[in-house]
Amino acid sequence: MPVLRFVQITDTHLCDRADGLLRGVNTAATLAAVVARIRAHEPHLDGILATGDLSHDGGTPSYRRLITLLRPLQAPSYCLPGNHDALSSFACLLKAAQTQSGGRLLKDHWQLIFLDSAVPGAVHGHLRPAELARLDAALREYPDRHALICLHHQPVPIGSAWIDRSMLDNADAFFAIVDRHANVRGVLWGHVHQAFDAERNGVRLLATPSTCIQFKPGCTDFTLDDEAPPAYRRLELHDDGSVATAVESIL
């Protein structure tokens, strides 16, 4: 059976300085390690889904570094902004070769839809009316294609009170659209720096750990999980609409 193969990387938090640290972690080094692992274990990729907070500082050098670090994978990158990304720099720099910001991907029996949930100057997420309308139109246009929707902010609580205060603030409007379309197979996001795998009305809900630091699950207040390593998610999208996926940690 034909299958599409993607990897999701998220919350890379690259700094403007190559030796920049986040909570004592060199985020460029951890992303390089993740890329090396992907390159060794994930051949023949159809794309890289980079779901936001790609930069920590928001400067041009961090986005140039992202493009350089992902280049060895030799696969198209589909990049979404998060709350740490500077939207003007993000949009400009990620127009480099094989890098797409926003939009959608039509391939074989699938449609991947990339939504912008970033709110300038805020931590929480919001889908503007135009983004919601674009989502609805895309799902209506190709009802016979399975759909995977990608964004940065979580549309459901994950059980960590402090970060659930900065989730998607109009999730009801988002799910009202999702519920109208039987072709949606999954929703994929970042932001939470931890793994999440659930189901809602037959739709797979997935979050993925960061390529750098992780947040400890189930906490009321901000808490790092110092024992959780950098990670990425492997996704296999099958022609029958099934999604095979696993989080791969860099030990």
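Here are some worked exercises on the predicted model above.

A bit of bookkeeping: numbering starts from 1 along each chain as its sequence is written, and side-chain values use heavy atoms, leaving out hydrogens and water. Since the model is predicted, local features need pLDDT of at least 70 and side-chain atom pairs count only at pLDDT 80 or more, while totals for chains, interfaces and linings use all residues.

**Exercise 1. Size up the whole chain: what are its secondary structure, dimensions and burial?**

Step 1. Start with the elements: there are six helices and 14 strands. Helices (H or I, at least four residues) and strands (E, at least two) are DSSP runs, numbered from the N terminus.

Step 2. Check the radius of gyration, taken over C-alpha atoms. At 17 Å it is close to the 18 Å that the globule rule gives for 251 residues, so the chain is as compact as a globular protein of that length. That rule is 2.2 Å times the number of residues to the power 0.38.

Step 3. Box up the C-alpha atoms along the principal axes and you get roughly 45 × 40 × 35 Å.

Step 4. Now burial: 56% of the 251 residues count as buried. Buried means under 20% relative accessible area, exposed over 50%, and partly exposed in between (1.4 Å probe, protein chains only).

Step 5. Look at the surface too. The accessible area is about 10500 Å², with 52% of that belonging to carbon and sulfur atoms. These areas come from the Shrake-Rupley method with a 1.4 Å probe; for residues, only the protein chains shown count as cover.

Step 6. Finish with contacts (heavy atoms within 4.5 Å). Taking those between residues at least 6 apart in sequence, 67% join residues at least 24 apart.

**Exercise 2. Work out which strands pair with β12, and in which sense.**

Step 1. Find β12 at residues 203-207, where four of the five residues are buried, so the strand is largely enclosed by the rest of the structure.

Step 2. Take β10 (residues 184-189): it pairs with β12 in the parallel sense over four bridges. Strands count as paired if DSSP finds at least two bridges between them. Leu188 has Leu206 as its bridge partner in β12, and Gly186 has Arg204.

Step 3. Then take β11 (residues 196-200), which pairs with β12 in the antiparallel sense over five bridges. Here Arg200 is bridged to Val203, and Phe196 stands opposite Ala207.

Step 4. Look at the turn itself. The hairpin of β11 and β12 has two residues between the strands, and Asn201 takes a positive phi near 50 degrees there.

**Exercise 3. Follow β10 the other way: what does it pair with besides β12, and how covered is it?**

Step 1. β9 and β10 pair in the parallel sense over four bridges.

Step 2. Cys150 has Leu188 in β10 as its bridge partner. You met Leu188 a moment ago, bridged to Leu206 of β12.

Step 3. As for cover, five of the six residues of β10 are buried.

**Exercise 4. Compare Asp53 and Gln74: where is each, and is each buried or exposed?**

Step 1. Place them. Asp53 lies in the loop between β4 (47-51) and α2 (60-70), while Gln74 is in the loop between α2 and β5 (77-80).

Step 2. Check the backbone. Asp53 has phi near 50 degrees, a positive value in a residue other than glycine. Phi of Gln74 is also positive, near 50 degrees.

Step 3. Check the cover. Asp53 is buried at 2% relative accessible area, whereas Gln74 counts as exposed at 68%.

**Exercise 5. Do the rounds of Leu4 and Pro157: what does each touch?**

Step 1. Leu4 sits in strand β1 (residues 3-9) and is buried, with a relative accessible area of 2%.

Step 2. Not counting residues up to four places away in sequence, Leu4 touches Asp46, Lys107, Asp108, Trp110, Leu235, Glu236 and Leu237.

Step 3. Pro157 lies in the loop between β9 (146-150) and α5 (161-164), and at 54% relative accessible area it is exposed.

Step 4. Leaving aside neighbours within four places in sequence, Pro157 is in contact with Asp164, Met167 and Phe196. Phe196 is the residue that stands opposite Ala207 in β12.
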